[in-house]
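Here are a few short exercises to work through with the model open. Try each one yourself before you read the solution.

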Amino acid sequence: MLGHKILPVQKKSQFHMEGYCVWGGSMSRTSDGRCHLLFSCWPEREGFEAWVLSSQIGYAVADDPLGPYEFQGLALAGRGGDY
(Lines give C-alpha, C1' and ligand atoms only; values in the text may rest on other atoms or scores of the structure.)
Protein backbone atom coordinates (compact mmCIF):
# COMPACT_ATOMS: atom_id res chain seq x y z
CA MET A 1 0.00 0.00 0.00
CA LEU A 2 1.00 3.63 -0.43
CA GLY A 3 -0.04 4.71 3.07
CA HIS A 4 3.47 4.51 4.47
CA LYS A 5 4.70 6.99 1.83
CA ILE A 6 2.18 9.71 2.73
CA LEU A 7 3.79 12.37 4.90
CA PRO A 8 2.04 14.96 7.08
CA VAL A 9 1.09 18.19 5.31
CA GLN A 10 3.44 21.06 6.13
CA LYS A 11 1.90 23.85 8.23
CA LYS A 12 2.68 26.45 5.54
CA SER A 13 0.72 24.36 3.01
CA GLN A 14 -2.48 24.36 5.08
CA PHE A 15 -4.82 27.16 4.05
CA HIS A 16 -7.38 28.21 6.67
CA MET A 17 -9.74 31.15 7.03
CA GLU A 18 -10.99 32.01 10.50
CA GLY A 19 -14.75 31.48 10.69
CA TYR A 20 -15.04 29.69 7.33
CA CYS A 21 -15.11 26.15 5.99
CA VAL A 22 -12.65 25.92 3.09
CA TRP A 23 -12.36 23.15 0.51
CA GLY A 24 -11.82 22.25 -3.14
CA GLY A 25 -8.79 24.45 -3.80
CA SER A 26 -7.29 24.62 -7.29
CA MET A 27 -3.93 26.33 -7.92
CA SER A 28 -2.50 27.81 -11.12
CA ARG A 29 0.91 29.39 -11.60
CA THR A 30 1.18 32.39 -13.90
CA SER A 31 4.18 33.31 -16.06
CA ASP A 32 5.46 35.67 -13.34
CA GLY A 33 5.82 32.69 -10.99
CA ARG A 34 2.95 33.66 -8.66
CA CYS A 35 0.63 30.88 -7.48
CA HIS A 36 -3.09 31.66 -7.53
CA LEU A 37 -5.50 29.57 -5.47
CA LEU A 38 -9.25 29.50 -6.04
CA PHE A 39 -11.31 27.65 -3.44
CA SER A 40 -14.83 27.20 -2.15
CA CYS A 41 -15.70 28.70 1.25
CA TRP A 42 -18.78 29.36 3.38
CA PRO A 43 -19.44 30.62 6.91
CA GLU A 44 -18.60 27.96 9.49
CA ARG A 45 -21.49 29.09 11.72
CA GLU A 46 -23.95 27.86 9.06
CA GLY A 47 -22.69 24.27 9.36
CA PHE A 48 -21.14 21.87 6.88
CA GLU A 49 -24.30 21.35 4.82
CA ALA A 50 -24.39 25.09 4.03
CA TRP A 51 -21.99 24.55 1.12
CA VAL A 52 -25.04 23.85 -1.06
CA LEU A 53 -26.54 27.34 -0.77
CA SER A 54 -23.83 29.49 0.82
CA SER A 55 -20.61 28.64 -1.06
CA GLN A 56 -18.48 31.47 -2.37
CA ILE A 57 -15.26 31.36 -4.38
CA GLY A 58 -12.25 32.77 -2.54
CA TYR A 59 -8.91 33.85 -3.97
CA ALA A 60 -5.44 33.62 -2.39
CA VAL A 61 -1.86 34.01 -3.68
CA ALA A 62 1.59 32.68 -2.80
CA ASP A 63 5.12 32.72 -4.20
CA ASP A 64 5.49 28.96 -3.77
CA PRO A 65 2.95 26.28 -4.76
CA LEU A 66 3.26 24.84 -1.23
CA GLY A 67 2.36 28.18 0.34
CA PRO A 68 1.85 29.93 2.51
CA TYR A 69 -1.15 31.48 0.72
CA GLU A 70 -2.49 34.92 1.58
CA PHE A 71 -6.23 35.53 1.23
CA GLN A 72 -6.97 38.32 -1.26
CA GLY A 73 -10.76 38.40 -1.28
CA LEU A 74 -13.79 36.78 -2.85
CA ALA A 75 -13.74 36.11 -6.57
CA LEU A 76 -17.43 35.15 -6.64
CA ALA A 77 -19.89 35.89 -3.86
CA GLY A 78 -23.27 34.28 -3.38
CA ARG A 79 -26.29 35.85 -5.09
CA GLY A 80 -28.86 34.75 -2.50
CA GLY A 81 -32.49 34.15 -3.31
CA ASP A 82 -33.36 31.12 -5.44
CA TYR A 83 -29.93 30.72 -7.10
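A helix here is a DSSP run of H or I with at least four residues, numbered from the N terminus. Keep in mind that this is a predicted model.

**Exercise 1.** Find the element that holds valine 52, and decide whether this residue is buried or exposed.

*Solution.* Start with the element: valine 52 sits in helix α1. Next, take the cut-off, which calls a residue exposed when its relative accessible area is over 50%. Valine 52 comes in at 52%, so it counts as exposed.

**Exercise 2.** Work out which residues make up the nonpolar surface patch, and which helix gives the largest share.

*Solution.* The patch covers about 590 Å² and is built from Trp23, Phe48, Trp51, Val52 and Leu53. Now sort by element: helix α1 (residues 51-54) gives the largest share, with 3 residues.

**Exercise 3.** Explain why cysteine 21 and cysteine 41 are not bonded to each other.

*Solution.* A disulfide needs two cysteine sulfur atoms within 2.5 Å. The closest cysteine sulfur to that of cysteine 21 belongs to cysteine 41, and it's 9.5 Å off, so that's too far for a bond. Cysteine 41 is likewise in no disulfide, and the disulfide count comes to 0. As for burial, cysteine 21 has 18% relative accessibility and counts as buried; cysteine 41, at 0%, is buried too.

**Exercise 4.** Say where proline 68 lies, and what the peptide bond from glycine 67 looks like.

*Solution.* Proline 68 is in the loop between β3 (56-62) and β4 (70-76). Then check omega: the bond from glycine 67 to proline 68 has a value near 5°, and it is cis. For context, most peptide bonds are trans.

Notes:
Residues numbered from 1 in each chain as written. Predicted model: local features only at pLDDT ≥ 70, side-chain atom pairs only at ≥ 80, totals over all residues. Heavy atoms only, no water. Helix = DSSP H or I, 4+ residues; strand = E, 2+ residues; numbered from the N terminus. Patch = residues over 30% accessible without salt bridge, like charges linked within 9 Å, V, L, I, M, F, W, Y side chains within 5 Å. Areas by Shrake-Rupley, 256 points an atom, 1.4 Å probe, with all protein chains shown as cover. Salt bridge = Lys/Arg side-chain N within 4 Å of Asp/Glu carboxyl O. Buried < 20%, exposed > 50% of the residue type's maximum accessible area, 1.4 Å probe, protein only.
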